[in-house]
Amino acid sequence: MAQTVDIQYLIDRLAGMVQESKRGFFGGRVQVDEAELQQIVDQMRASVPNEIKQARRVMQERANIIKSAQDQAEEIVTLARKQAEYLTSEHGLLQEAKHRTEAMLHNANEERDVVLNGARQFALEAVIGVDSLLEQLDDTVSENRGRVRRVLDSLQDAPPPPTVRERRGD
């Protein structure tokens, strides 16, 4: 598996390769080392999916936290109901059990809400962080595309190198 490298570094290497390449005699074309170019492209392909994988991992963690909070809340509510059923059936203290049940359900619902709100807040912050990272990556890629285009345009607009006769002064 190819080692991932910072995408900005790879784009800078690509631009440097174009600037240092041999120039053709016609049409402003350049010659580059195909193997080196392919290596840079392969590393770029390996780097970009890594950023996406990281974003997906954060999203999965968010889903897991919310699921865990919901499961925990359900367990609390189920336990409260079971205890309420026991009190009413075993002791015949219907009124006391009813009050205890309502208090337990109220507490369980409050605890559930606190846990869910905390999980939602964490998930929101994680999503905002991932979004920010993706925006930065998008900005970097856009800037570097512009740089590469400017380099290519300047190479295409550059006058062809002098011929052998022109250099000798004939």
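Which helix holds both Lys67 and Asp71, and how many residues apart are they? Both belong to helix 2, which covers residues 34–91, and they are four residues apart, about one turn of the helix. The structure is a predicted model.

## A salt bridge inside helix 2

Lys67 and Asp71 form a salt bridge, with 2.8 Å between the closest N and O atoms. Lys67 is partly exposed, because its relative accessibility of 47% falls between the two limits, which are 20% for buried and 50% for exposed. Asp71 is also partly exposed, at 34% relative accessibility.

## Other salt bridges

How many salt bridges does a search of the whole structure find? The search finds four. One of them joins the side chains of Arg147 and Asp12, at 3.7 Å from N to O. This pair links distant parts of the chain: Arg147 is in helix 3, Asp12 is in helix 1 (residues 7–20), and their positions lie 135 residues apart in the count. Arg147 has a relative accessible area of 36% and is partly exposed. Asp12 is partly exposed as well, with a value of 40%.

Another salt bridge is formed by Arg112 and Asp113, whose closest N and O atoms are 3.3 Å apart. Arg112 counts as partly exposed at 26% relative accessibility. Asp113 has a relative accessible area of 35%, so Asp113 too is partly exposed.

## A patch of negative charge

Which residues gather in a patch of negative charge on the surface? They are Asp131, Glu135, Asp138, Asp139 and Glu143. Asp139 lies in helix 3, which spans residues 94–157. The relative accessible area of Asp139 is 45%, so this residue is partly exposed. A residue must have over 30% relative accessible area and no salt bridge to be part of a patch, and the 45% of Asp139 is in line with the area limit.

## A buried residue in helix 3

Is Thr101 buried or exposed? Thr101 is buried, because its relative accessible area is 15% and the limit for buried is under 20%. Thr101 is found in helix 3. In sequence, Thr101 and Ala80 are 21 residues apart, while in space their C-alpha atoms are 6.7 Å apart.

Methods:
Residues are numbered from 1 along each chain as its sequence is written. This is a predicted model: local features need pLDDT of at least 70, side-chain atom pairs count only at pLDDT 80 or more; totals for chains, interfaces and linings use all residues. Side-chain values use heavy atoms; hydrogens and water are left out. Patches are made of residues with over 30% relative accessible area and no salt bridge: like charges are joined within 9 Å, nonpolar side chains (Val, Leu, Ile, Met, Phe, Trp, Tyr) within 5 Å. Accessible areas come from the Shrake-Rupley method with a 1.4 Å probe; for residues, only the protein chains shown count as cover. Lys and Arg count as positive and Asp and Glu as negative; His and the chain ends are not counted. The place of a charge is taken as NZ of Lys, CZ of Arg, CG of Asp or CD of Glu. Helices (H or I, at least four residues) and strands (E, at least two) are DSSP runs, numbered from the N terminus. Buried means under 20% relative accessible area, exposed over 50%, partly exposed in between (1.4 Å probe, protein chains only).
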